[in-house]
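I opened the model today to go through its sheets, its charged pairs and its aromatic pairs. My notes are below the display.

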There are 2 protein chains.
Amino acid sequence: VADSEPDFRCRYKVVIDEPEQALSNAGESALVERLTARLGPPPAGEVWSGDDTAVVLIGDEPLLFTVDSMVEGVDFDLSYCTGSDVGWKALAINVSDIAAMGGRPRRAVASVTLRPELPVAWLDELMTGLTDAAARWDVGLAGGDLSGGTEISITIALLGSLVGGPVLRSGAKPGDVICVTGRLGGAAGGLIALQENLARSGAVARLVDRQLRPRARLEAAAALAGTRPSSMIDVSDGLAIDLTRVLDASGAGCRIERAAVPVDPDLEELGDRLDPLAAALTGGEDFELLFTLVPERLDAARAALHSAGAELTVLGTITADSNRQIDTTDLADWRELAWEHLQDRSRTFREP
Amino acid sequence: VADSEPDFRCRYKVVIDEPEQALSNAGESALVERLTARLGPPPAGEVWSGDDTAVVLIGDEPLLFTVDSMVEGVDFDLSYCTGSDVGWKALAINVSDIAAMGGRPRRAVASVTLRPELPVAWLDELMTGLTDAAARWDVGLAGGDLSGGTEISITIALLGSLVGGPVLRSGAKPGDVICVTGRLGGAAGGLIALQENLARSGAVARLVDRQLRPRARLEAAAALAGTRPSSMIDVSDGLAIDLTRVLDASGAGCRIERAAVPVDPDLEELGDRLDPLAAALTGGEDFELLFTLVPERLDAARAALHSAGAELTVLGTITADSNRQIDTTDLADWRELAWEHLQDRSRTFREP
């Protein structure tokens with residue numbers, strides 16, 4: 001086997017050999033891979049499944065096209081958040097996907113499913129969050145659809161435009177530095193704080209804000225464009241999963257120092273309720289930008305991000321071998337701890 | 001009041017004066033109107049809420065942009081349909097919206113929420129229905145999103161292109177003839193047949209097919225383009241609601257003969273389980289095209305539709321006054337019987 005190609009993809013993959021098994025035995029990643037295989041290849045110039053957004057060509061200019069849902073009981077819970085929080089986040093997570101492609105969000109449509117017993121005021125609040133976020137990122141809310149159901153669900157489809165070419169997940173090259181904006185783990189810490197009903201002041205208030213009111217890194221992504229990142233993704237499911245996606249798409253390995261991971265310092269406030277490094281690597285929902293670029297442009301990238309109000313942290317380096325390690329721990333072991341839809345693993349926020 | 005402008009809009013409108021009331025007291029139409037008021041006016045050349053799809057301008061060419069969801073327990077029930085049925089219909093209802101704007105569907109993204117205990121085979125079936133419908137109407141399924149939840153929900157966002165200008169709901173003029181393709185009420189009949197578990201053969205099988213496998217009238221809409229309909233909408237919520245939408249948007253009245261309504265003859269098979277005329281006027285989900293045009297082009301429209309395999313029926317005439325009647329019954333009385341999301345009225349399929 002020493003002569004064979006390095007296998008970049010199979011270490012965490014769940015093979016679905018029995019279609020009668022429950023979806024929860026398979027998990028989101030394996031199912032998405034199963035679905036993607038049925039989409040067929042896109043026409044030239046388009047990118048379908050497998051990146052932060054699709055790239056589609058209808059007229060002359062490529063468009064970014066994405067959709068994402070927030071489901072009650074899975075992505076949020078009314079015991080700890082308002083309709084306005086839900087509306088804000090539903091749009092923000094889609095704007096983050098457009099940012100991670102190097103694009104600009106333009107028009108959105110929303111499909112909203114509500115429980116009939118909710119007050120009209122809840123829908124008013126939802127609309128406030130949606131319109132606030134739309135104003136923040138200059139998105140036109142062009143319409144939508146309203147349904148009844150037994151759980152609340154907000155789906156936003158967002159169209160974006162591109163200035164340069166799209167920044168895909170697949171462009172990371174050996175020798176590139178791996179960088180991330182901001183601090184990680186805060187959104188997971190905020191979720192813990194909300195679930196444990198901690199008083200929302202100081203560090204806890206900031207963590208809760210990261211969970212309920214994420215800021216898409218749109219200006220940071222635009223500022224980075226001139227430094228031509230070789231790949232980019234937003235940290236929506238945690239560094240361990242999202243970095244794995246970049247490495248899988250690029251056919252590459254990595255070497256990362258655990259001491260380099262920019263753990264959100266506010267997590268200290270939570271004491272032993274979670275392991276801050278585990279939250280940073282597996283928490284997700286931080287919506288920071290994870291990107292790679294040639295080392296020669298690192299200083300320019302740092303300066304560009306600084307001008308956009310964002311910090312840059314170098315996590316490590318892209319490698320040509322198939323090793324993927326954070327110090328001596330395999331990235332796949334961290335990845336196993338991260339959240340996936342439709343799986344029945346529980347979360348621990350502890351080291352593997 | 002004899003001198004005042006005719007009031008085209010207030011007869012059925014639910015005024016939401018108390019935000020603490022339940023959504024179910026208000027109903028979809030009133031809520032959508034409340035939401036639309038908060039979207040702000042669109043830029044020149046765009047159409048936001050209030051038509052079958054939005055029209056957005058990102059590059060030089062206008063795009064059609066729409067989203068629609070199918071929710072378990074509301075729009076379908078696994079006791080009577082397969083994953084493939086759900087996938088087909090989820091795309092078909094969006095294609096129908098693009099058709100009703102005079103457009104061509106191009107790319108879709110799907111957000112799918114599934115119950116974790118469902119078998120992987122159910123998702124495979126869903127994908128079969130989606131890809132079959134995508135192939136039927138030449139839509140590229142460009143990606144999506146997968147979540148877990150306690151009820152199944154499929155949301156499709158669809159982008160379309162235009163050949164000519166969009167055909168809006170607002171263009172009906174006094175003197176125009178009101179026309180519809182195909183027969184009405186069959187989809188509602190199919191739902192009754194499914195709910196009562198009737199044997200699926202002959203007329204019942206055709207009704208069930210109309211409910212589970214709707215055919216968007218895309219070729220018919222394209223064939224009509226040359227005859228320049230003044231307004232168009234798809235019959236998704238029933239003639240009484242959808243015609244009211246055209247009349248509201250156009251600021252017009254109508255005069256319709258009940259004998260002219262093309263009731264699906266297969267409904268006779270259901271005996272006294274429903275009133276066929278009520279099913280035709282309030283059933284919805286037939287996804288036929290309701291359109292208006294100047295009488296001089298009626299023969300051309302009939303010939304164009306015939307070439308696309310569709311029949312044309314003249315229902316009546318657009319009027320300048322605010323009367324809206326089907327024979328001597330007010331359209332609003334029929335409208336009250338039709339289905340709306342988020343309302344607690346029950347359906348009867350009987351005459352008002």
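These entries follow the order in which I looked things up.

**Entry 1: the sheet in chain B**

I worked from a predicted model throughout. I began with the open sheet of chain B, where 5 strands run in the order β1-β2-β5-β3-β4 with mixed pairing. I then asked why β1 and β4 of chain B each have one side left without a neighbour in the sheet. Both β1 (54-57) and β4 (140-148) stand at the edges with a single partner strand each, so one side of each has no neighbour there. On average, neighbouring strands of this sheet are turned by 25 degrees against each other, direction ignored.

I next looked at what packs on the sheet. Helix α3 (residues 83-100) of chain B does, and touches β2 (62-71), β3 and β5 (153-162) of chain B. The direction of α3 makes about 145 degrees with that of β2(B).

For the pairing of β3 (residues 103-114) with β4 in chain B, I noted 8 bridges and a parallel run. Within it, Ser147(B) in β4(B) stands opposite Thr113(B).

**Entry 2: strand β8 of chain B**

I looked up the partners of β8 (residues 253-256) in chain B. With β10 (residues 312-319) the pairing is antiparallel, over 4 bridges. Arg255(B) has Thr317(B) in β10(B) as its bridge partner. With β11 (residues 324-326), β8(B) runs parallel and shares 3 bridges. Here Ile326(B) in β11(B) stands opposite Ile256(B).

**Entry 3: salt bridges**

I searched the whole structure and noted 40 salt bridges over all chains. Which chains does the pair of Glu46(A) and Arg107(B) join? This pair crosses between chains: Glu46(A) sits in the loop between α2 (28-36) and β1 (54-57) of chain A, and Arg107(B) in strand β3 of chain B. Their side chains meet at 2.7 Å, N to O. I checked whether the two are buried or exposed. Glu46(A) is buried at 9% relative accessibility, and Arg107(B) is buried at 10%.

Within chain A, I noted Glu219(A) with Arg136(A), their closest N and O atoms 3.0 Å apart. Glu219(A) is in helix α7 (residues 218-224) and Arg136(A) in helix α4 (residues 120-136), so the pair ties together parts 83 residues apart in sequence. Glu219(A) is partly exposed at 37%, and Arg136(A) is partly exposed at 37%.

I also noted Arg245(A) with Asp237(A), at 2.8 Å between the closest N and O atoms. Arg245(A) is partly exposed at 24%, whereas Asp237(A) is buried at 16%. The cut-off for buried is under 20%. I also recorded a network of salt bridges that links Arg210(A), Arg217(A), Asp264(A) and Glu288(A).

**Entry 4: aromatic pairs**

I noted 3 aromatic pairs over all chains. One of them is Trp88(A) with Trp137(A), a tilted pair at 5.1 Å centre to centre with 55 degrees between the planes. Trp88(A) lies in helix α3 (residues 83-100) of chain A and Trp137(A) in the loop between α4 and β4 (140-148), 49 residues apart. Trp88(A) is buried at 10%, and Trp137(A) is buried at 3%.

In chain B, I found the rings of Trp88(B) and Trp137(B) with centres 5.1 Å apart and planes at 55 degrees, so this pair is tilted. Trp88(B) is in helix α3 and Trp137(B) in the loop between α4 (120-136) and β4 of chain B, so the pair ties together parts 49 residues apart in sequence. Both Trp88(B) and Trp137(B) are buried.

Definitions and conventions. Residues are numbered from 1 along each chain as its sequence is written. Chains are lettered from A and ligands numbered from 1 in the order in which they are written. This is a predicted model: local features need pLDDT of at least 70, side-chain atom pairs count only at pLDDT 80 or more; totals for chains, interfaces and linings use all residues. Side-chain values use heavy atoms; hydrogens and water are left out. Two strands pair if DSSP finds at least two bridges between them. Helices (H or I, at least four residues) and strands (E, at least two) are DSSP runs, numbered from the N terminus. Axes are lines fitted to C-alpha atoms, for helices over the stretch in contact, and angles run from 0 to 180 degrees between N-to-C directions. Contact means heavy atoms within 4.5 Å. A salt bridge is a side-chain nitrogen of Lys or Arg within 4 Å of a carboxyl oxygen of Asp or Glu. Buried means under 20% relative accessible area, exposed over 50%, partly exposed in between (1.4 Å probe, protein chains only). Rings of Phe, Tyr and Trp (its six-membered ring) pair if their centres lie within 6.5 Å; planes under 30 degrees apart count as stacked, over 60 as edge-to-face and the rest as tilted.
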